[in-house]
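Q: Please take a close look at one part of the structure shown below. I would like a connected account of its setting, its contacts and the elements around it.

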Amino acid sequence: MIEKKNKKENYNYSIIIPCYNSEKTIKQCLKSVVNLDQKERIEIIVCDNNSTDSSLRIINDFPVKLIKNEKINNAGSTRNLGAKHAKNDYLIFIDSDVCVPLNLIDLIEKDSNFYQSDCVTGIFSTTNIYKDFYSQYKTLYCNFKFMKSTKDVLNSAIMIITKEAFNSIKGFDEQLKHSEDDEFCIRFKDKGYTLSFNKNICVDHLKQFNLFSLLKNDFVKSKQLTEIFFTYF
């Protein structure tokens, strides 16, 4: 566990955003991040995974550090690359289809568990700009799942972690295409690091689904989780 500073001292954070063909949401995501309260304590790193849409053009309109993958990789690999370029002791991972509240830093530092934990994770809100049935269903389900959780679980779409702990377990497994946060959580806890769940850190997940993409998403994640469980248990 990293040695904690006095609560009255200010922390500095590196926000890391993996991006791949995110033209529909990256603008909203970056707007929420660049307008954060206490932004003088934050650096913003966008790690692009060889986007072929207008994502790069949108990203270039914002005051962020842009890192580009040399070839297309998965989300875990892209997050790891962003972490390698982070200058601060605390990493905040968010996804490119996530919008964070303006008082994110205050929400993090007001939680007493933050000072005792190596990683803090938040939840998805019930808000989604896509109003179709499938998108709304998935949004509400994800919120319900995290709100009712009785265990500290990891959500890589919004997580705050010490760089020391992240590097110690060598980041996300770059071989996994899905559920890399679940696998990360297993290794993280096995290493003796502590995780806490802050339900006040609530972010909007701007994810659109149709029937096919919803079924595909649930199937591939369940399949990957089964393989992970067979590996570790």
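A: Contact here means heavy atoms within 4.5 Å. The model is predicted: local features need pLDDT of at least 70 and side-chain atom pairs pLDDT 80 or more, whereas totals for chains, interfaces and linings use all residues. Residues are numbered from 1 along each chain as its sequence is written, and side-chain values use heavy atoms, without hydrogens or water.

The part chosen is helix 7, residues 180–190. Helices (H or I, at least four residues) and strands (E, at least two) are DSSP runs numbered from the N terminus. Eight of the eleven residues of helix 7 are buried, so this helix is largely enclosed by the rest of the structure. Buried means under 20% relative accessible area, exposed over 50%, and partly exposed in between (1.4 Å probe, protein chains only). The buried residues of helix 7 include the acidic side chains Glu180, Asp181 and Glu183, and Phe184, Cys185, Ile186, Arg187 and Phe188 complete the list. Among the elements covering these residues are three helices, namely helix 3 (75–84), helix 6 (163–168) and helix 8. Strand 6 (119–124), strand 7 (158–162) and strand 8 (195–205) also contribute to the cover.

On the preceding side in sequence, Ser179 belongs to the loop between helix 6 and helix 7. Although Ser179 is not a glycine, its phi is positive, about 55°. With a relative accessibility of 7%, Ser179 counts as buried. On the other side, helix 7 is followed by Gly192, whose phi is likewise positive, near 95°.

The aromatic side chains of helix 7 deserve separate attention. The structure holds 19 aromatic pairs. Rings of Phe, Tyr and Trp (its six-membered ring) pair if their centres lie within 6.5 Å; planes under 30 degrees apart are stacked, over 60 edge-to-face, and the rest tilted. One of these pairs joins Phe172 and Phe184 in a tilted arrangement, with 4.8 Å from centre to centre and 35° between the planes. Phe172 lies in the loop between helix 6 and helix 7, whereas Phe184 lies in helix 7, so the pair ties together parts twelve residues apart in sequence. Both Phe172 and Phe184 are buried. They also belong to one aromatic cluster, together with Phe93, Phe166, Phe188 and Tyr193.

The packing partner to examine is helix 8, residues 211–232. The axes of helix 7 and helix 8 come within 10 Å and cross at roughly 20°. Axes are lines fitted to C-alpha atoms, for helices over the stretch in contact, with angles from 0 to 180 degrees between N-to-C directions. That crossing angle makes helix 7 roughly parallel to helix 8 (under 35 degrees; over 145 is roughly antiparallel, 65 to 115 roughly perpendicular, the rest oblique). The crossing of helix 7 with helix 8 is right-handed: the near helix is turned clockwise from the far one by less than a right angle, and anticlockwise would be left-handed. From helix 7, Asp182, Glu183, Ile186 and Arg187 take part in the contact, and they meet Leu225, Ile228 and Tyr232 of helix 8. By class, this contact has four nonpolar, no polar and three charged residues. Ala, Val, Leu, Ile, Met, Phe, Trp, Tyr, Cys and Pro count as nonpolar, Asp, Glu, Lys and Arg as charged, and the others, Gly among them, as polar.

Helix 8 also packs against helix 5 (residues 133–147), at an angle of about 30° and with the axes 9 Å apart. Helix 5 and helix 8 are therefore roughly parallel to each other. Their crossing is left-handed, whereas that of helix 7 with helix 8 is right-handed. Tyr134, Tyr137 and Lys138 of helix 5 meet Leu211, Leu214, Asn217 and Asp218 of helix 8. This contact contains four nonpolar, one polar and two charged residues.

Phe209 sits in the loop between strand 8 and helix 8. Phe209 is buried, with a relative accessible area of 7%. Residues up to four places away in sequence aside, Phe209 touches Asp132, Tyr134, Ser135, Lys138, Leu214 and Asn217. Of these, Tyr134 and Lys138 of helix 5 and Leu214 and Asn217 of helix 8 also take part in the contact between those two helices. Between the C-alpha atoms of Phe209 and Lys148 there are 23 Å in space, and the two residues are 61 apart in sequence.
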